[in-house]
Amino acid sequence: MAKYRMVRTEFWKNPIVSEEMTPEDKYFYLYLLTNPHTTQIGIYKITKKQMAFDLGYSIESVHSLMERFTRHHKLIRYNPETREIAIKNWGKDNLHKGGKPVMDCINSELKEVEDLSLILYVSETIQKSEIRSLYESFCEPESENDTYLDTECDEVDDTFIRPNTIRGQKEKEKEKEKEKQKQQQKAFNPNIENNPDIEEQSQIEKTKDVKEIGEFWDNNGFGFSNVNAKKQLLFWLNDSSFLQPKDVILKAMTIACANNKRKLNYVIGILKNWENESLLTVGEIDSFHENQNPIPRHKQSTESFPAGRAIPSGFELDLTAGEE
C-alpha cells in the first residue's frame, strides 16, 4: 500500500472528465485513483460499503456511480464476487518507469489478483512494453498441462496462482448440485428411462406447472397484478430441492389461503421450513404433520353435581302437610 498517489494535471484536460462527468463523477473518480486501498497495478479489493463510508454516500449512491463508470464512462470493471476493482487507464497514467524494484512489486501484486480478466483489462492501456509483457504473462495461451481455464482470459500461468479459482469452484458446485437433483428425480421416478424425448417432455411439464401455479395465484386472491411476486415464486420450480416442486408450491399456497395469509413472504416461509426439514414431497410433508403431537385437550368431567340444596337422608316428603 503506497503512502501517496499521483494525479497528473492532464486529468482535468481529459474530455471525458471535463465534458461528460458531473461533479459527483469527478469526486468519485479521484477517490478511485487515490484511496488508501489502491495498489501499484491498478487492481485492488474494496467493498461498496467501504466506499460509501469513505465518501459519505449511501450504498445505493455508490452502486449508481459504479454502474455509471462501468456502463457509461467505461473506465472501471468490478467483480462483486471477489470484490476487486480495476482502473482502465491506470497503466497509461501511472506505469511509466520500470526497473527491478518496480517489476518485483508489480509481479507480487499481480499474484494476488483472483479475477484474471481484470489483469488483461488494465494491460490494454499500458504503454511501456516491459510492464505490459509482465501483465500479459498472467494470461498466456492454453497448454495441455494447465488445469485452469477462464472465459475472458485464455489461460493462466499456474506458477503464479492457485489452479482452482473462485469461479471454477462455483461452477463445479453448481454441476454437482444439478447432478444430485437428477439422481433424486430418478430415484423418485424409477420408471423413467433414458429417452431421447425426455427433455422435451420435461419442458412441456414445466410449462404446465407454471400455468397451473399462475392460475392458482390469480384465482385465489394473491394479487392478479403482482407479477414480480408471482415470478419470484415460480423460481422455486427450478431452484429448490423439492422432488415435486409444483405440488409442494400449490400445497404451501393452499395453507396460506386457509390462514388468510395470501402473501409471497408467507408462502416462501412455508417452503423454506419444509426444505430445512428435508421434506421434499407432499407425502413426506403430510406424514410429518400427522406425526406431530396433537394439541392436548382438557378432560371433561363426567361427574354430576346436584343443583340446589342437598336433601338429608331419611327425609320423607309429606304432600298433605299443612292441610286440615
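This report describes the overall composition of a predicted protein model and the arrangement of its one described sheet.

Local features are reported at pLDDT of at least 70 and side-chain atom pairs at pLDDT 80 or more, while totals for chains, interfaces and linings use all residues. Residues are numbered from 1 along each chain as its sequence is written, and side-chain values use heavy atoms, without hydrogens and water.

The secondary structure comprises 14 helices and three strands; these are DSSP runs numbered from the N terminus, with helices (H or I) of at least four residues and strands (E) of at least two. Of the 324 residues in the protein, 32% are buried, meaning under 20% relative accessible area with a 1.4 Å probe, protein chains only. The accessible surface is about 22600 Å², and carbon and sulfur atoms contribute 50% of that area; the areas come from the Shrake-Rupley method with a 1.4 Å probe.

The three strands form an open sheet in the order 1-3-2 with antiparallel pairing, where pairing requires at least two DSSP bridges between two strands. Strands 1 and 2 are the edge strands, each pairing on one side only. Neighbouring strands are turned by 20 degrees against each other on average, direction ignored.

| Element | Residues |
|---|---|
| Strand 1 | 43–45 |
| Strand 2 | 76–79 |
| Strand 3 | 84–87 |

Strands 2 and 3 run antiparallel and are joined by four bridges; I76 has I87 in strand 3 as its bridge partner. Helix 7 (residues 116–123) packs on the sheet and touches strand 1, strand 2 and strand 3, contact being heavy atoms within 4.5 Å. The direction of helix 7 makes about 10 degrees with that of strand 3; axes are lines fitted to C-alpha atoms, for helices over the stretch in contact, and angles run from 0 to 180 degrees between N-to-C directions.

Conventions. Buried < 20%, exposed > 50% of the residue type's maximum accessible area, 1.4 Å probe, protein only.
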